[in-house]
Amino acid sequence: MKKILFASSECVPFIKTGGLADVAGSLPKCFNKDEYDVRVILPKYECMAEKWKEQMQYVTHFYMDISWRSQYVGILQMQYEGIQFYFIDNEYYFNGPKPYAGGKWDLEKFAFFSRAVLSALPVIGFQPDVIHCHDWQTGLIPVYLKDSFHGSEFFRDMKSVMTIHNLKFQGVWDVKTIQDFSGLSDYYFTSDKLRDYDSGNYLKGGIVYADAVTTVSSTYAEEIKTPFYGEGLDGLMRARSNALSGIVNGIDYDDYNPSTDKNLEHNYDVENFRKEKKKNKVALQKELGLEVDDKKMMIGIVSRLTDQKGFDLIECVMDQICSDNIQLVILGTGDAKYENMFRHYDWKYEKSVSANIFYSDALSHKIYGACDAFLMPSLFEPCGLSQLMSLRYGTLPIVRETGGLKDTVEPYNEYEKTGTGFSFANYNAHEMLNTIRYAEKTYYEHKRDWNKMVERAMTADFSWGTSARKYEELYDGLLNC
């Protein structure tokens, strides 16, 4: 039995701010239980829902030295959906209304967490073969494994994997502060280790010292070796390219299932979507006050409204998009300029544009279930989940060819009759507009081709099981199995 420990700063269903939580909570359930014992460790935040805290069982506690401090480390545990979860408890670090406070405080907190994870393992009697670390918050774990813990026989053969979910976030502060928080010696603060110009960098430490480095799509793994996407670490990514691989995230096919989704007025599947899917469109048109017409093409957007997601492109050609024979439904919050832009076009084109400047999980499911196409023109996208959800619901993605979008959406080829969506290569507003109009033309003039594309989209497999098989191969390679 191969033993794997996921170390993460967040994890569904206990605490979530982004896609990292979905990976840490959903992926462990999908491993082959006969071969892999996968467990998860995360902080016990004060802001977790009481219903979870009430189910946790106290295991033990001890005091741990880190730098010049001695800190309390409590360990709690619970089983959830067949997975063993451990929680590191320390009220000084993990109190507050949110899991992240930002700034220097988070760096101290996650230096403590990284050391506490390793210190807790002999106490709970779990000796993983591989510790799978997620994002900068756990970047010091591979460093500590090669540092003070390496002398112990318990840790000597332990391997580490570092997964980068978004290279933009690295855990950076001045060297003196990072050295103080981490307790690491001067040896580690050179340019080939944790030092990044005049700063210390947690993620860089994890990338340098991990036995394998992964990111959340194979295209993103290539992109981060270039200066544009590399966020200052492209040289390191090139240097570690032999240990770097990309594995696309999945989505929970039980949560995102158009045949059982309780948020939809009419459930449908790949057999009956031609009749049933458009009924959801009519229901959403009525709910949002749009013109009711089941033949009119509806394009959805569910997103943070930021530059990274390509909204500067949309802003550039919004009038042209709205003047086409389509409806546009937007859901999300973000930069005020984009929120106000969509409110303006909602007012200007009230029967064809609906701007919903908030977030609602139920409405997001309705948009996936009702729309014909889904627009996602990101500047960069390590993996992306929205396009996977839209594929699952037969809502064809219109995406820019970057990161996970390029890896998961096959562009329509009208001659070979292949594809699961539409894509454009250059970060250019008019190239995006041309692709949207090509999708419109296909929808209105080649409906049979469109429906065949919907079939292919709905039968594509981006469940977590596919990702788990690839991680199993990675672990086996590290362990020479």
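## Terms and model

Helices, taken as DSSP runs of H or I with at least four residues, and strands, taken as DSSP runs of E with at least two, are numbered from the N terminus. The structure described here is a predicted model.

## The sheet

Nine strands make up an open sheet with mixed pairing, and their order across the sheet is 3-4-5-2-1-6-7-11-12. Its edges are formed by strand 3 (57–66) and strand 12 (244–246), and because each of these has a single partner strand, one side of each is left without a neighbour in the sheet. From one strand to the next, the twist averages 25°.

Within this order, strand 1 (residues 2–7) and strand 6 (residues 130–134) run parallel and are joined by four bridges, with Ile-4 standing opposite Val-130 of strand 6. Helix 20 (residues 464–478) packs on the sheet, where it touches strand 1, strand 2 (36–43), strand 6, strand 7 (159–164), strand 11 (212–215) and strand 12. The direction of helix 20 makes about 145° with that of strand 7.

## A pair of helices

Two packed helices are described by the angle between their axes and the distance between the axes. For helix 4 (residues 103–124) and helix 6 (residues 175–182), the axes come within 9 Å and cross at roughly 35°, and the crossing is right-handed.

On the side of helix 4, the contact involves Lys-104, Leu-107, Glu-108, Ala-111 and Arg-115, which meet Thr-177, Ile-178, Phe-181 and Ser-182 of helix 6. Sorted by class, the residues in this contact between helix 4 and helix 6 are four nonpolar, two polar and three charged.

## The largest cavity

The model holds one cavity of 30 Å³ or more, and the volume of the largest cavity is about 60 Å³. Its lining consists of Asn-263, Leu-264, Glu-265, Asn-280, Ala-283, Leu-284, Glu-287 and Lys-366, of which helix 11 (residues 273–288) gives the most, with four residues. By class, three residues of the lining of the largest cavity are nonpolar, two are polar and three are charged.

## The second largest pocket

Helix 11 also contributes to the second largest pocket, supplying the largest share of its lining with five residues. This pocket encloses about 330 Å³ of space and is lined by 16 residues, among which Arg-274, Lys-278, Asp-372, Tyr-443 and Lys-447 lie nearest its centre.

At least two residues of the lining of this pocket come from each of helix 11, helix 18 (429–445) and helix 19 (447–459). The class count for the lining of the second largest pocket is six nonpolar, two polar and eight charged residues.

Terms used: Residues are numbered from 1 along each chain as its sequence is written. This is a predicted model: local features need pLDDT of at least 70, side-chain atom pairs count only at pLDDT 80 or more; totals for chains, interfaces and linings use all residues. Side-chain values use heavy atoms; hydrogens and water are left out. Two strands pair if DSSP finds at least two bridges between them. Axes are lines fitted to C-alpha atoms, for helices over the stretch in contact, and angles run from 0 to 180 degrees between N-to-C directions. Contact means heavy atoms within 4.5 Å. A crossing is left-handed if the near helix is turned anticlockwise from the far one by less than a right angle, and right-handed if clockwise. Ala, Val, Leu, Ile, Met, Phe, Trp, Tyr, Cys and Pro count as nonpolar, Asp, Glu, Lys and Arg as charged, and the others, Gly among them, as polar. On a 1 Å grid over the protein atoms alone, a cavity is a set of points where a 1.4 Å probe fits but cannot get out, and a pocket is an open set with protein on both sides within 12 Å along at least five of seven lines; lining residues have an atom within 4 Å of a point. Grid points are joined across faces, edges and corners, and a volume is the space filled by probe spheres set on the points.
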